[in-house]
Each structure stands twice: as C-alpha cells, then as structure tokens.
Amino acid sequence: MSRPVVAFVCTHNSCRSQLAEALGRLLAADVFESCSAGTAPKSAINPDAVRVLRRLCGVDMTETQRPKLLSELPPADVVVTMGCGVQCPMLPCRAREDWGLEDPTGQDDAAFERTIAAIREKILDLRRRLAVRAVRGRLLALRDPGYRDFQAKLIPGKSPDLVIGVRTPALRALAKELSGSGEAAAFLESLPHEYFDENQLHAFLISGGRGFSAVLAAVETFLPYVDNWATCDQLSPRVFGAHRAELLPHIRVWLASGHPYTVRFAVGMLMAHCLDEDFDPAYPALVAAVRSEDYYVNMMAAWYFATALAKQYDAVIGYLEKRRLPVWTHNKTIQKAVESRRIPEERKIYLRTLRVHR
C-alpha cells in the first residue's frame, strides 16, 4: 500500500514547515511521505534553521528542500499547519491539525533547538497515529461480524464494541505481511491499543520477531497491557526456543508479578520451552509455588502440570501424591491429564484415585 502524504504548511515555508518536512523524512519515511509549502514562501530556507538542524541531526535541508507554493504540493492525506494561523481551504485532505509551534526566527540557537525538539516529538507521535490508523483500516476490512459476536463471548469483560472480529488465520497472514515494516514498528510502539484484535495482531507481530533481545524488550513492554487469556496465549515468541537459558531469569521475574496475565505467560513459557530436553526438576517447583486467586493463572498452572505428566511423569507425579498444589489446581490437573491422549490409560486410572474430595 502507498504511504499517506503529510503536507506541512505555514506562511513563508522557510523555517518550521521546512524543519517538519526534514524531520518527517528522517524519522517517519517508513510510514508517511513528507512535503511542505507556504502561502507566501520566501526565496530561501532560514539559514539558522539549516545550520542548527545540520548540527543536531546531520541533515542539510538545502540539498533536498526549497520554499514552495501550495500549488506545488502533491495531493495530501494530512495537512499540518505550524501555528501561524495560515488557512488552507484549497487543500483537500482526510485530516488536518495545527501544531501551534513557536517561530524561532530571529532568536538564538536555543529557541531553534526547542522548536526542533517539539517538532521531533510531534513527528514521532504522528508516525504512530498514522500507523495505527492504517493497521486498523486493514483490520476493519477483514472483520467478520458473526465471528466478532462469538469471540466477544469468550473474553470475559470485553465489550463487543471493542472486538472487530478478525479470524486468527487472517491475523496471522496480516502479521506476516506487516512484519519488518515501518508501519509495524510504529504500531508496536502505540500502546495501549483500543481493540482486542489490535492486541492479537500485536502478539503475532512480536511472536514472529527475530533477535532475542529485541523480542524480549517488546514482550516486556507489551505484557502490562495484556488483559485477557487469548492475547496472553497468542504471545509465543519463536525465538525464545533457542535462548532458554537467557529466558529463565525473566520467567522467574514474571512469575513474581502481581499481574495475572504476566504470571500466566511465564507459566506458559515454562511449559512451551522447559519440559523437554532442558527440563529441570526445579521448574515445576516454580509453578507449584505460585499462589493466585485468578482463574486464568490457576488454569495455566493445571495445564502446565497436566502437560508435565505427559512429558516428565516421574518428576511431577509427586506433586499430586503429596498434594503440593492448591486443591482446585490439583483436581483440574488430573481432569486435564485424564482428557489427554498422550497419557497411557493405566496412568489415568491411577490419577483418578488421586482426586481430592472436599
């Protein structure tokens, strides 16, 4: 898809709008195209603006930019005025906003530095907002109203108005399509999200990421915003499987979190990555030590021990025989193990005898 065009407009197109165009090209070219113009442009860009921006950012505006008339602009999706009160009724667009920036013309370098810093923050904010708008548009185009109603019923406390209704295969395909793009990077920076489906897409984008450190940082940033079991369980970074030793200290921290879905995620990571060749008897002890009143935390603990019974039976059966788990988790573990096709029937018969009757 083509990138939206953002036009930065002021009266003389010599300072603030030129700085915005330059910083837009530098910081947000992966999300939108930047251009600028003025209602009464001067003959040259403000030399102080050129000098200070070159010093701060290594960008020479005179190499690629010049003052222009509004008539020279391409069709714009967004028009941004700088704060000089200029009106642009002749510029059709989808959105317009005014940034109310101080004009540093005639002032010292500190004034230019403040204006450049303010523009930089606004450019980054606009980058995030336009990325979210673009991604949300893609999600809305994939909506399935019937699936939305079904999905909303599965997520306690989630209003149907906050569920778009995009099926999982379509979310996976969109995540794959967006992966590595500037649009995806800006979307991942835009937390919190408004819609459940945006959080699902966020989880898929992280899960497909490469580079352990970068993915771990993205997980740490996202976990506080995870507010349901579905998003928590979709968050399963593939790169973690190759970095189990590095992952374990973080799992220990997550297990101690007061946030239920962070704890659930930690147990899920132990189940996904530490029940096979890297298994250590210390790991089920970490899960057994979890004490929570949250249903979704306790359900994940039961799921963990049921899976462990299928993979590491001798190491974990003692947790049931000695009743080392909370009663609800104990019984739910047995229920899920008995339902599993990976556990032999003779073991299921024995597990049934271990149920706690209250």
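Ala, Val, Leu, Ile, Met, Phe, Trp, Tyr, Cys and Pro count here as nonpolar, Asp, Glu, Lys and Arg as charged, and the others, Gly among them, as polar.

**Figure 1. The whole chain of the predicted model.** The secondary structure of the chain consists of 16 helices and four strands. Along the principal axes, the C-alpha atoms fill a box of roughly 90 × 45 × 30 Å. The radius of gyration is 27 Å, whereas a compact globule of 358 residues would have one near 21 Å. Buried residues make up 49% of the 358 in the chain. Of the contacts with a separation of 6 or more, 70% join residues 24 or more positions apart. The exposed area of the chain is about 17000 Å², and 52% of this area comes from carbon and sulfur atoms.

**Figure 2. The largest cavity and its lining.** One cavity of 30 Å³ or more is found in the whole structure. The largest cavity holds about 60 Å³ of space. Its lining consists of Val287, Ala288, Val290, Arg291, Val297, Asn298, Ala301, Phe305, Leu325, Pro326 and Thr329. By class, eight of these residues are nonpolar, two polar and one charged. The charged residue is Arg291, and the polar ones are Asn298 and Thr329.

**Figure 3. Helices at the largest cavity.** At least two lining residues come from each of α12 (282-288) and α13 (295-311). The largest share, four residues, belongs to α13. These four are Val297, Asn298, Ala301 and Phe305. From α12, the lining takes Val287 and Ala288.

**Figure 4. The second largest pocket.** The second largest pocket contains about 290 Å³ of space. Its lining is made up of 13 residues. Nearest the centre of the second largest pocket lie Arg172, Phe204, Ser207, Gly208 and Arg238. The lining divides into four nonpolar, five polar and four charged residues. Among the charged ones are Arg172 and Arg238, while Ser207 and Gly208 are among the polar ones. Phe204 is one of the nonpolar residues.

**Figure 5. Helices around the second largest pocket.** Two or more lining residues are given by each of α5 (168-178), α7 (196-207) and α9 (229-234). With four residues, α5 gives the most to this lining. Of the residues nearest the centre of the pocket, Arg172 belongs to α5, and Phe204 and Ser207 belong to α7.

Notes:
Residues numbered from 1 in each chain as written. Predicted model: local features only at pLDDT ≥ 70, side-chain atom pairs only at ≥ 80, totals over all residues. Heavy atoms only, no water. 1 Å grid on protein atoms, 1.4 Å probe; cavity = no way out; pocket = protein on both sides within 12 Å on 5 of 7 lines; lining within 4 Å. Points joined across faces, edges and corners; volume = space filled by probe spheres on them. Rg over C-alpha atoms; globule rule 2.2 N^0.38 Å. Buried < 20%, exposed > 50% of the residue type's maximum accessible area, 1.4 Å probe, protein only. Contact = heavy atoms within 4.5 Å. Areas by Shrake-Rupley, 256 points an atom, 1.4 Å probe, with all protein chains shown as cover.
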